[in-house]
Amino acid sequence: MTNRTLVVSIDALITADIPVLRQLPNLGRVMEHASWITDIECIYPTLTYPCHATIATGCWPDRTGINNNEIPDFFAKGRMDWYWWREAIQVPTVVDFARQAGLTASTVTWPVMCASGAEYNIGEIWAPREEDDPTPWFTRANSPAVEEIFQANKHMLRWMKTPQMDEFAAKCAADIIRAHRPDLMLLHLSYVDHQRHRLGVHGDLEHAFRFIDGQMGLVLDALEETGGVENTNIVLLGDHGQLYCDEMFHLNALFHRLGWLQTAEDGSLADYQVYAANCSLSAHIYLRPEVDREMVYCVLLEQQKKYPKYLERIFTKEEAAQMHLTGDFDFVIEAGDRVCFGRALDGEQLITSVNDIKEYKPSVSTHGHLPWKGDKPPFIVAGPNAVSGRIIHGGRLIDHAPTILRLLGLEPIGMDGHPVDALVRP
């Protein structure tokens, strides 16, 4: 008999949070007999969507095809679309493996899992504007079997904002467990990440963790009512850490000064020869086909010497590929210590304080950095198929999916990662 498995991603959970988890009423209950891996090596860039695609597939970004949160659309008016849809992932997911084995699956606000193929799927997606009705977007993203659950809970949504998204997700997850009892569930909760952006990596996050613990209580209650928490494998994991940042460097403003991009009268992008796609603490540099790549590389190296505090590393496409990061870009730039990249185009101001501009998550700390920097996430397992009381120091994000499949009694095939058998009962 397969023991059901619940995988909960607590966005931006880091190894240093383990003592906090152990003291909470609900998460502490999971931790009591858990084993864990500390300081997981992530992927580049350490952004939520690429990380979650790797967690769900056991593959590096050069195989998943997900290398950023946002789909590059440099001329978009307003916000770019994100990699919301499962079809963007180029390899099988744990959901595919479960369904092929005849198991039922659920994904709840898990990144890059809209239309995931799970029988009971609630997508992570939002409408273009805060005032828009989210129903049409979720109708496309969700599976038909959860329509009533979505309709009953959609009033909790406030666009892409947290904690409302997490309240919605936890309630939907609990309702799905009670109604359908899936063998595998993937659940994503993002409030800790949002609060780390606002308060800092090691800020006062007591409220955030107590909130997440309350949402976990709803889910654990549903498990208890439908067969018992003790009969469920529970995985708690983080996707990335964060780094503190004080200043914002605007690469496209620099490129504007260099004559590499042009703006329209309204300040929007009119055309470009070289463009930086933002990854917060790194950036992907795209060139038009006719642009001399070697010339751009030489100029970028010159700018690095001019701004050494802000431009830490310039990787060629080939060097990025050695870190399993590929795409249509030609270079990758890593920001310097306590620096993040901004989106300004006009060239008037290259450097600003993160407190002087309002945009997506510059804040006190952020991510998108090289995977060996800063605090790193843990991987925690508990339940009937998990070993109890074992601590392993150091692991890899690509090993999560095969380990999850092993908890389900399934054999991973074709993944870059390998099961951590030391965490799974034989």
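A salt bridge is taken here as a side-chain nitrogen of Lys or Arg within 4 Å of a carboxyl oxygen of Asp or Glu. Arg129 and Glu131 meet this criterion, with 3.7 Å from N to O. The structure is a predicted model, and the count of salt bridges in it comes to 22. Three of these contacts are a good place to start, followed by the aromatic rings.

The Arg129–Glu131 contact belongs to a wider arrangement, since Arg129, Glu131 and Asp132 are linked in a network of salt bridges. The two partners are not equally covered: Arg129 has a relative accessibility of 47% and counts as partly exposed, whereas Glu131, at 60%, counts as exposed. The cut-off for exposed is over 50%, so the value of 60% places Glu131 in that class.

A second salt bridge joins Lys373 to Glu312, and here the closest N and O atoms are 3.1 Å apart. Lys373 is found in the loop between β17 (365–366) and β18 (379–382), while Glu312 belongs to strand β13; the contact therefore ties together parts of the chain that are 61 residues apart in sequence. Lys373 counts as buried, with 17% relative accessibility, because the limit for that class is under 20%. Its partner Glu312 is partly exposed, at 30%.

The third example is formed by the side chains of Arg406 and Asp421, with an N to O distance of 2.5 Å. This pair also links distant parts of the chain, as Arg406 sits in helix α14 (residues 400–407) and Asp421 in the segment after α14, 15 residues apart. Both partners are partly exposed: Arg406 has a relative accessibility of 22%, and Asp421 has a relative accessible area of 45%.

Turning to the aromatic side chains, a search of the whole structure finds 18 aromatic pairs. One of them is formed by Phe138 and Phe150, whose rings are stacked at 5.1 Å centre to centre, with 25° between the planes. Phe138 is part of helix α6 (residues 135–141) and Phe150 of helix α7 (residues 147–153), so this stacked pair ties together parts that are twelve residues apart in sequence. Phe138 counts as buried at 1% relative accessibility, and the value for Phe150 is also 1%, so Phe150 is buried as well.

Phe249 and Tyr310 provide another stacked pair: their ring centres are 5.5 Å apart and the planes meet at 25°, an angle that falls in the stacked class because the limit is under 30 degrees. Phe249 lies in strand β8 (residues 247–249), and Tyr310 occupies the loop between α12 (293–306) and β13 (311–316), so the two rings tie together parts that are 61 residues apart in sequence. Phe249 is buried, with 0% relative accessibility; Tyr310 is buried too, with a relative accessible area of 10%.

Beyond these pairs, one aromatic cluster is made up of Phe74, Phe75, Tyr272, Tyr275, Tyr286 and Phe329. Two rings of this cluster, Tyr272 and Phe329, also have charged partners. The charged end of Arg288 sits over the ring of Tyr272, at 4.1 Å from the ring centre. The ring of Phe329 has the charged end of Lys317 over it, at 5.5 Å from the centre.

How values were computed: Residues are numbered from 1 along each chain as its sequence is written. This is a predicted model: local features need pLDDT of at least 70, side-chain atom pairs count only at pLDDT 80 or more; totals for chains, interfaces and linings use all residues. Side-chain values use heavy atoms; hydrogens and water are left out. Rings of Phe, Tyr and Trp (its six-membered ring) pair if their centres lie within 6.5 Å; planes under 30 degrees apart count as stacked, over 60 as edge-to-face and the rest as tilted. Helices (H or I, at least four residues) and strands (E, at least two) are DSSP runs, numbered from the N terminus. Buried means under 20% relative accessible area, exposed over 50%, partly exposed in between (1.4 Å probe, protein chains only). A charge sits over a ring if NZ of Lys or CZ of Arg is within 6 Å of the ring centre and within 35 degrees of the ring normal.
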